[in-house]
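Trainee: Could you take a close look at the interior of this model for me? I'd like to know what packs together there, and then how the parts around it are put together.

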Amino acid sequence: MSFLGSRFRLSLRTKFILPISAILIVGMLVVSSYLINRQSDSFRRELETAGKTMLRLLAINAESGVLFESKYELEELLKAPTQLEGVKYAIITNKEGVVLASVGSKNVADSMSVPEPQRHAGDSIETRYCREATGVEILDMSIPVVTHKKTLNRELLGITGGIDNSMATASVSEVIGHVELGLTMDKVNESIREAQTAAILFTAAVVIWTILVLAFIVGAITKPITELVQATDQVSRGDLSRRVEVIRSDELGHLAETFNRMIESLKQSRDEIEAYNRNLEQKIVERTRQLEETQAQLLQSEKMSAIGQLAAGVAHELNNPLGGILGYAQFTLEKLQKNVPEKTSAKEIQSYTRYLTDIEIQARRCKTIVQNLLRFSRSSRTVDFEDVDVNKAIEETVTFVEHQLHLNQIELEIALAPDLPHIQGNTGHLQQVFTNLIINAMHASAQNSSIRITTRFSPALGEFGGAVEIMVIDHGCGIEEENLKKIFEPFFTTKEVGKGTGLGLSVSYGIVKEHGGEITVNSTPGKGTTFTVILPVQKPETEADNVSKKPLNCGI
């Protein structure tokens, strides 16, 4: 039933009726088969008994006819049994097998597979079941014809005083022929078929009647259970208005009462939970808003911390072009004050033009630095995704940190792959990731060492649409194995007090996850560390990506 239940959805009523009906049918078939076999054996035994009786009478009466080989006497003897219904043939032979008399025709083709009857001790009748060429089944029976001869002792000849029992003559039995009788099985087979038909009809009637009664009884038992199942389904869909009618006083009635009480308790609990959820939703909305504000402040504070560390580099970057601007402006002003415009030569005008061009170039350089700094430090609660040139974002980031690397006597090597495809992302946030990784590499590196930044493209493969990989490699102190699992946790740091907040890698991890990417680390203590940022070319869709803007998530 477990197999059927797994393949088909069977009702409880069907699960009760099917196995009981199957057991009943099998039992009735076994009993009917046994009774039919017993009845068939009984019919065959009756035919065998009648045949044996007839055969013994023929053997006794055929003794004189066989001794004298009187064909007329034997044929007269065989007329009586052949007139009986069911006798197919009768044959009398002498001991050499010569037919002395016969009635009917014997045309046996082969023996049948019917079990032979048991022969009792002293029973000289041979019995076998066979079939004629026409298909008629025959019970073939054979018995020897025996004559009894008395022997006379020559020594007793002439005695006149009488012979007592001890002097009685002995007799000897001698087989002088055989009587063979063939009885047709048509009547017996017809009786067997009638018995089989009656047994089958009786079995079918009993099975059908029993199944009907069983179905009625099981239906009466399972009806309350069916109502409970329907009510349970309705409750599972959220409808707690259903109640089960209690019309019984047994265990099922008690179950119905318990079910109704349970529904009342569930309804009361659900009302309480709904009221609590309404209050909880309001609190969650308020807490979520506060958390978003805190996260935005956290991200901005990390940015400002990075800007503070980069202040010297930015000041140096601005100082050089501003010095050039000031020098060219003063020189040009001095020349213009000394020379009268009418007497200014073409060569001097060309020099003034070159000075002003340099002033414009240096001013644009200052503007670019300031714009990059503003874009990097800008605070926003939403993430705007656009096409990002990763190589360009890295080059702009380097302008912030190269002076600080120079002050720490650390060489920066850049190997950017050409023709790198654009990705979907936010330039400012990605620059923050690159800045954090470069500053961490700088803090971990000794003087006169180097930091290497490389990019490469991993092409599409199957459903994978390709990705851009950025690696920041240093040859510093490395990270201990027990700390590798903690480096992306908020506020975890191995730096000295005042050199790190413990938020840089945590924030970077959150930004990379926002872009649908991964950030991995491979470090060997004493040899260096490699951070790898993997950014997909096309950011994978999530339920939050159905809108153009999404809340910032800085956590891990």
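Mentor: Of the 556 residues in the protein chain, 35% count as buried, meaning under 20% relative accessible area (over 50% is exposed, in between is partly exposed; 1.4 Å probe, protein chains only). Keep in mind that this is a predicted model, where local features need pLDDT of at least 70 and side-chain atom pairs count only at pLDDT 80 or more, while totals for chains, interfaces and linings use all residues. Residues are numbered from 1 along each chain as its sequence is written, and side-chain values use heavy atoms, with hydrogens and water left out.

Let's go straight to the inside. The largest nonpolar core has 37 residues; a core here is a set of buried Ala, Val, Leu, Ile, Met, Phe, Trp, Tyr and Cys residues joined through side-chain atoms within 4.5 Å. Which members touch the most others? They are Val390, Phe434, Leu437, Ile470, Ile519, Phe531 and Val533. At least two core residues each come from helices H8 (390-407), H9 (427-444) and H10 (504-514), and likewise from strands S10 (450-458), S11 (467-474) and S13 (528-536). Those labels are DSSP runs numbered from the N terminus (helices are H or I, at least four residues; strands are E, at least two). H9 gives the largest share of this core, eight residues.

Phe434 is a nice one to click on. Leaving aside residues up to four places away in sequence, Phe434 touches Val390, Ala393, Ile394, Thr397 and Ile470, where a contact means heavy atoms within 4.5 Å. Apart from this core there's another one, of 29 residues, with Phe43, Leu58, Val66 and Ala90 among them. In general, nonpolar side chains in soluble globular proteins tend to be buried together.

Now zoom out for a moment. The chain's secondary structure comes to 10 helices and 13 strands. Among contacts between residues at least 6 apart in sequence, 69% join residues at least 24 apart. The accessible surface of the chain is about 34,200 Å², and 56% of that belongs to carbon and sulfur atoms (Shrake-Rupley method with a 1.4 Å probe; for residues, only the protein chains shown count as cover).

Some nonpolar side chains sit on the outside, too. Ile208, Trp209, Leu212, Val213, Phe216, Ile217 and Ile221 form a surface patch with about 760 Å² of accessible area together. Patches take residues with over 30% relative accessible area and no salt bridge, joining like charges within 9 Å and nonpolar side chains (Val, Leu, Ile, Met, Phe, Trp, Tyr) within 5 Å. Ile217 from this patch lies in helix H5 (residues 186-236) and is partly exposed, at a relative accessible area of 42%. H5 also has a kink of about 40° at Thr222, shortly before the proline Pro224; the bend is the angle between axes fitted to the seven residues ending there and the seven starting there. After H5 comes Gly238, with a positive phi near 100°.

What about charges? There are nine salt bridges in the whole structure, each a side-chain nitrogen of Lys or Arg within 4 Å of a carboxyl oxygen of Asp or Glu. In one of them, Lys79 meets Glu76 at 2.9 Å, N to O. These two are about one helical turn apart because they sit three residues from each other in helix H4 (residues 71-82). Lys79 is partly exposed at 43%, and Glu76 is partly exposed at 35%.

Glu174 and Lys95 make a longer-range pair in sequence, at 3.5 Å, N to O. Glu174 is in strand S6 (residues 170-184) and Lys95 is in the loop between strands S1 (87-94) and S2 (99-104), so the bridge ties together parts 79 residues apart. Then there's Asp140 with Arg128, at 3.7 Å, N to O. Asp140 belongs to strand S5 (residues 137-151) and Arg128 to strand S4 (residues 126-132), 12 residues apart. Asp140 is buried at 5%, whereas Arg128 is partly exposed at 29%.

Last, two loops beside the core helices. Gln409, between H8 and strand S8 (411-415), isn't a glycine, yet its phi is positive, near 55°. Asn448, in the loop between H9 and S10, likewise has a positive phi, near 65°, and is exposed at 66%.
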